[in-house]
Amino acid sequence: MQRESESSPSIGGDDPSSRDALLQAAHNKNHETLQKMVLCHKSREDVYNLKEVMEELPNKALDSLFLDLQQLAVDSLFVFPLECWRSATENGNEAELNKVNECISKLKTVATILSVAAATVSPKEASGMMETVRMLQALLPLLPKGCKEMQNVVMCLCEVCWVRNIEGRQYIAKNLMETLLQSIMSDGRKATVAEMKRLWNLREILHEFDFSLDKNAEMKELLMQYFVSGQALHSTEGRRFFVFILGLNAEMTKIVHLAVKKQLPGFSKNNVEHCADGYFRAWQKASGDHLRVIEDHCLQNLMEHGIFLPRGKLNTKVRQMLTYFHSQKLRCGVDEMLFKLYQPILWRALKVPNGEIRANAALIFSDAFPLLCPSADKQQQDLELQHQFDELFSFLEDPCPMARSAAVLGTCRVVFKYWALIPANVLGEILTKIVTMLSFDCSSAEVRCTVYKSLSFLLENKLSHPVLERLLPEAKLGLHDQSEMVRVAFVELLIQVKATKSAKYWKICPMDHLLVRLGSDTSPVALRLVRLLIDSFFPSGQSEDIWCERSLTLINMNIQAAYSFYKYTQSVVGTSAVVKLLLQQRLCLDACVLKLEEEEENGVINSSEGKENTSDEDAVELSSDSETMAAVLEVIVILWKSIWPAIQKKRKGYYEYLVKTFASSMQGYFRIFKDKRSFTALVMIASFMPYSSVPTFSCGVVSRLRGFSVNENPTCYGPLLECLCGWNHVGHLLDLVTDWLNACCTEQKSEMRGRRVRINAPSQAKPVLALCYMEYVLNSSSSAQVLLSSPMKLEPLLQTLEFIRSTLEPLSSRKLEGFNDSITLRAVALHCRLLAGLHAQHHKEDNRHLESLEVLRQWLEKHMVHVLQEDCEANSLSNPGGLQNTALGMVKEYFVTFTNLVFLGLLDCEVIGKILEFAMLIVRSVWGVHCLPVIASLLAHITEHCACEVAAASPPLGDDATSASDGNSKNSESRPRSSNTDVLQLVPRVFQKLLQLAARLFTGKFKDSATEIMSKLQPAFSEFVNCVLHWRACQQDLCTDIISTVSSAVIADVTCSLKKCITTQSPDLEEKLQKLPPICACLFPIIVKNEWIARVFVRQLQECEKSETLQDLASLLAMLQIMYFLFKAKLHHLDLSSLAETIKNLLEKCECPADSYERVVIVAASNLLSKIGPE
């Protein structure tokens, strides 16, 4: 001790290791000295140790120290009471805050010294500090939110007192546990490891509570919130505390189980596993009445949920918990417990009429199989086991597909586990039924998929290989199943067969079948087929020569399969192997080129009749097979494209080497391989290489583009365009396109002549081909990105397109040579797409392209809207022509462009408001009905965008948000409204206007085109309503307004249609009742597709009954027709009985002559009423 004190610095002139120094500082209330002692004690560099000082203090000195520290704490709180802390924190007064910090510092020093004393001296000697500890712990619930460190120090002191069993600890238990639980759940954060350890150390406090009393309801609620918060399973101590609470008493077990059920949907797989482990450990430790509560109230409740819950994530998690118990069957007592708890529910569930419940029961039964009572004798167990085998196998013939699927999976599980115990003839019969019958179950793809998945699982048992090797060839048609998931499962089965090495997958499914499917199937199936065939056509242990030979073999076997195989090869073998194959294929092509050049020089043409497997002979024979050479070049393109992202970002060395090696050969390839396929492939290869590496070819690309005809196939000029974009020489393309378009603009020629240096080449202007080139580039994502990255190069083209648009002005004298309305419309569409793309790529820098689109809108309003407002003869409205057709096309392109910009979230509310105003201006015009589908789609995207923005701007839910909203309640009324909210308030009115205009379609003027427009309008309306439903939780008023509008439109359309029939005394009333009028036919599928909308619609029908609108025959008949179609849509569960009864009574009261038309209407209504009666 003497050496330690000599090495420590002096504090206040006294030795910090001295007992007297500590006692004197406490007696004199010298906080600075005490604080320095605490800091030296905590410092790792200082040898001073409070613990050693405490050990040397006699009992009287300890009592004196505890009293002095208590007095220091009392004086600190007396000088600046706790009530003033909060006011100082809220006011932000610097002087008062300094006093608060000084008081907190003193209390922390006192608590730290007491913590060291409590951990050092005996519990009996430490009892003198308990008054101070009780005073400090009483502060815990009252501390302001910013005093986390103070709270932690006091809780640490209380924890030590509790753990060391110091007398009087029971008085600090309640506050301590409540504060600890509140701290863990504060701020929505994840609890720290230290907090969970403290909770575990203080677990015995809960024995002090009687949870049956009302005074402990707050603690019960805190524990409930703690478990609902999901903090219990994140750490080892938390999981141990979870087990402790489950085993505390029966009341707490029920509370925790309720909390777990609330939290279970959000649990991860690991948390579900930990939760099941907690239940199992609590069950192991329980006894007597508590054991019965765990079994009956918890475990059996989980079993019931596993059986009766509908299929979904929650059901899966419940079954995962039950699976944990099933996996513990070797533990003592588990088998007996499972048999006892499943007995009253499982066997009945296997026989219920509901197929989904039977399926769930079959899954659980197969997982828990066998359920035997250990206390039964051997004979009874054998009989029970045979009964359970028969019960499980009988489910293979269940009428419900879901139950059959569960039975297949369960049967294969049981067969896998108990293969050696099941007789061979029974095994053969079961597997034959599964493979030869259920794999061809035409009523359910799920059953067929489960068959192949279960057989894959069964292959892990080596004893099954001989039987399955004989049976699996009968299921080979699974490769050609209509369902993708079945094909995926079948190929995964073949991969599993390949891994067993005892069976050959090509004997199960022939190679030609595999290659046909590889060449034509979707990506998930094709990728798995590549993994299956990779060792056959890309053997990892062989040389590059063999890889090249196998690629030629695959090309000759099935060229489409080769394309697909090499498309996914890189994801299986890696970039390095693909680069090696590319280099080897180049060597093969070089040998072909050399052979052909020698033949040209010697004038000899050789032909071959067969192909050998050596690489040299392959090269010779390949030289005379142009189709195969073209296929090899195409494979090179596919391979290079597959590794392009990797060699551009991470493997630059590979890219440079590939360019270097291929550059030396490309000139010879272009000279020798002149057929169309080969040339296209070579152009694609050149697009991957720098411009300078293929100088002979690159200099002639623009000339080739000039030489194409207007009707040329895009596959001819597309690769050349991608070359230019890949080389970042898009300026050459823009010059060519701009020149061709300018050549057709007589006035534009003189304007542009003095601005640009032009190379005059004898070439005919091809404006249509120019538009085709630009459309092709914009349709290719990579090329479009290059094009739009150079806005300055696009300026001349944009000016030309703007000039072309100006020629459509009614009073314009400008002329376009070689243009018609359709070409001009394509030019305007191109202009819109370019402006939208430029705004999307450069909106962070400037908005000039959006301003150009705004100028386009103003131009449309000025010059095109009046064209759409011109009335014409009724017979010409249905099929607009001439200028009206062009105006409609331009307006549609404008709306499509802005729909895409809204989808990308690139427009503000001011612009969106102008778009809606323009849309309403268009739909009010005579021709505007033709724009309804695009405007409805635009409205759906606007609603999605604005609702998303409003939700993102809303404050988060929780305690902080609540307090913030309470604190700002005075200012909430003066806060400016969100412009997004204003837009959303316009949406119902716009939608209502669209419905009104849709009804105009079926007037005399629009009958011819109405059906076509409505067929396009129905998907747009469906998209809009689904969007509104998606945001129903945060936009309830909007959703209610839209659904109310839809319901009213349906009722009004049916009523008006029937009134017309009754007024005109239509003879085919019965036929018209069997089909819905057009607007109703468009909206009714939207209603019946969603359960919530259907219920709202039915409530509106019931409101019609209460509002006494059912006064005439047309209204009664309309209600009956709607009810009839609701029942026809199999919505029998909707309660329409009261409405049907009301209509029936009203029909009975109707009096009319027997030969009148009203009697026909009443008879038709009665017939409908009889059809919608209860079944």
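This section describes aromatic pairs and charge-over-ring contacts in a predicted model.

The structure holds 40 aromatic pairs. One of them joins Phe280 and Tyr324. The ring centres lie 6.1 Å apart. The planes meet at 75 degrees, so the geometry is edge-to-face; the cut-off for that class is an angle over 60 degrees. The Phe280–Tyr324 pair links distant parts of the chain. Phe280 belongs to helix H15, residues 269-285. Tyr324 belongs to helix H17, residues 313-326. The two residues are 44 residues apart. Both Phe280 and Tyr324 are buried.

Tyr1124 and Phe1125 form another edge-to-face pair. Here the distance is 5.3 Å centre to centre, with 75 degrees between the planes. Tyr1124 has a relative accessible area of 12%. Phe1125 has a relative accessibility of 10%. Buried status requires a value under 20%, so Tyr1124 counts as buried, and Phe1125 does too.

Aromatic residues also group beyond single pairs. One aromatic cluster is formed by Trp347, Phe365, Phe369, Phe389, Phe393 and Tyr418. Phenylalanine, tyrosine and tryptophan are thus represented in this cluster.

Tryptophan rings also receive charged side chains. The charged end of Arg805 sits over the ring of Trp859. Its distance from the centre of that ring is 5.0 Å. Arg1032 is placed likewise, with its charged end over the ring of Trp1092. In the Arg1032–Trp1092 contact, the distance to the ring centre is 4.5 Å.

Technical notes
Residues are numbered from 1 along each chain as its sequence is written. This is a predicted model: local features need pLDDT of at least 70, side-chain atom pairs count only at pLDDT 80 or more; totals for chains, interfaces and linings use all residues. Side-chain values use heavy atoms; hydrogens and water are left out. Rings of Phe, Tyr and Trp (its six-membered ring) pair if their centres lie within 6.5 Å; planes under 30 degrees apart count as stacked, over 60 as edge-to-face and the rest as tilted. Helices (H or I, at least four residues) and strands (E, at least two) are DSSP runs, numbered from the N terminus. Buried means under 20% relative accessible area, exposed over 50%, partly exposed in between (1.4 Å probe, protein chains only). A charge sits over a ring if NZ of Lys or CZ of Arg is within 6 Å of the ring centre and within 35 degrees of the ring normal.
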